[in-house]
Amino acid sequence: MASIFSKIIAGEIPGDIVYRDDLVTAFRDINPQAPTHILIVPNKEIPSVNDVTAADEAVLGRMFLAAQQIAAQEGIADNGYRLIVNCGQHGHQEVLHVHMHLMGGRPLGPMLYRTSR
Ligand code: AMP
């Protein structure tokens, strides 16, 4: 079954798409955690980073180039931003379709809350 992100990419369900090319699509997160919170997603459905292969190198590289371009588009490039890729249960990955979170627009604080190691 197609992932929810594949359905957004295919236009089957709504998404606020901000960028699209032959390898990746980016749209605004439905539950933003920062003033800018965008998901950059391979057009090809890869469940998680554990499933990536050498054949995916081009799409993975494109995700970073798209992030750079979208950050500039959003006006957050100079102040900086954070890119996050969650994987699996301990990484708290909720959608099984590889995606990069692009977050910015305010100081984001330390990467992880230091409650425990
Ligand atoms: P992750 O925990 O890394 O798998 O992140 C999944 C992200 O997808 C969360 O930040 C959700 O808010 C976001 N999300 C889930 N459904 C949608 C949707 N239909 N449109 C946009 N973002 C979504």
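The exercises below, each with a worked solution, concern a predicted model.

**Exercise 1. The sheet**

Determine the order of the strands in the open sheet, and state which strands stand at its edges.

Solution.
Step 1. The open sheet has five strands, and their order is E1-E2-E3-E5-E4. The pairing is antiparallel.
Step 2. E1 and E4 each have a single partner strand, so they stand at the edges, and one side of each is left without a neighbour in the sheet.
Step 3. On average, neighbouring strands of this sheet are turned by 20° against each other, with direction ignored.

**Exercise 2. The partners of strand E2**

Describe how E2 pairs with E1 and with E3.

Solution.
Step 1. E1 and E2 are joined over three bridges in the antiparallel sense. Among the residues involved, Arg20 has Thr25 in E2 as its bridge partner.
Step 2. Three residues lie between E1 and E2, and the two strands form a hairpin.
Step 3. E2 also pairs with strand E3, which covers residues 36-42, in the antiparallel sense over five bridges. Here Val24 stands opposite Pro42 in E3.

**Exercise 3. A salt bridge between Arg28 and Asp16**

Locate the two residues of this salt bridge in the chain, and classify Arg28 and Asp16 as buried, partly exposed or exposed.

Solution.
Step 1. The structure holds five salt bridges. One of them joins the side chains of Arg28 and Asp16, with an N to O distance of 3.5 Å.
Step 2. Arg28 belongs to strand E2 (residues 24-28), whereas Asp16 is in the loop between helix H1 (4-9) and strand E1 (17-20). The two residues are 12 residues apart, and the pair links distant parts of the chain.
Step 3. Partly exposed residues fall between the limits of 20% and 50% relative accessible area. Arg28 has 33% and is therefore partly exposed. Asp16 has 44% and is likewise partly exposed.
Step 4. Salt bridges that share partners join Asp16, Arg28 and Glu74 into one network.

**Exercise 4. The salt bridges of Arg62**

Show how Arg62 is tied to Asp21 and to Asp22.

Solution.
Step 1. The side chains of Asp21 and Arg62 form a salt bridge at 3.1 Å, N to O. Asp21 is in the loop between E1 and E2, and Arg62 is in helix H2 (residues 57-74), so this pair ties together parts that are 41 residues apart in sequence.
Step 2. The side chains of Asp22 and Arg62 form a salt bridge at 2.7 Å, N to O. Asp22 also lies in the loop between E1 and E2, so its pair with Arg62 in helix H2 ties together parts that are 40 residues apart in sequence.
Step 3. Arg62 is partly exposed, at 22% relative accessible area. Asp22 counts as exposed, at 59%.

**Exercise 5. The aromatic pair**

Decide whether the rings of Phe5 and Phe27 are stacked, tilted or edge-to-face.

Solution.
Step 1. The count comes to one aromatic pair. The centres of the rings of Phe5 and Phe27 are 5.3 Å apart, and their planes stand at 70°.
Step 2. Planes over 60 degrees apart count as edge-to-face. The pair is therefore edge-to-face.
Step 3. Phe5 lies in helix H1 and Phe27 in strand E2, 22 residues apart, so that the pair links distant parts of the chain.
Step 4. Phe5 is buried, with a relative accessible area of 7%. Phe27 is buried too, with 2%.

**Exercise 6. A nonpolar surface patch**

Name the residues of the nonpolar patch on the surface and give their accessible area together.

Solution.
Step 1. The patch is formed by Phe64, Tyr81 and Leu83, and together they have about 280 Å² of accessible area.
Step 2. Phe64 is placed in helix H2. At 52% relative accessibility, Phe64 counts as exposed.

**Exercise 7. The backbone at His92**

State what is noteworthy about the phi of His92.

Solution.
Step 1. Most residues other than glycine have a negative phi.
Step 2. His92 is not a glycine, yet its phi is positive, at about 60°.
Step 3. His92 lies in the loop between strand E4 (81-84) and strand E5 (100-104). At 53% relative accessibility, His92 counts as exposed.

Key: Residues numbered from 1 in each chain as written. Predicted model: local features only at pLDDT ≥ 70, side-chain atom pairs only at ≥ 80, totals over all residues. Heavy atoms only, no water. Salt bridge = Lys/Arg side-chain N within 4 Å of Asp/Glu carboxyl O. Helix = DSSP H or I, 4+ residues; strand = E, 2+ residues; numbered from the N terminus. Buried < 20%, exposed > 50% of the residue type's maximum accessible area, 1.4 Å probe, protein only. Patch = residues over 30% accessible without salt bridge, like charges linked within 9 Å, V, L, I, M, F, W, Y side chains within 5 Å. Areas by Shrake-Rupley, 256 points an atom, 1.4 Å probe, with all protein chains shown as cover. Phe/Tyr/Trp six-rings, centres within 6.5 Å; stacked < 30°, edge-to-face > 60°. Pairing = 2+ DSSP bridges. Axes fitted to C-alpha atoms, helices over the stretch in contact; angles between N-to-C directions.
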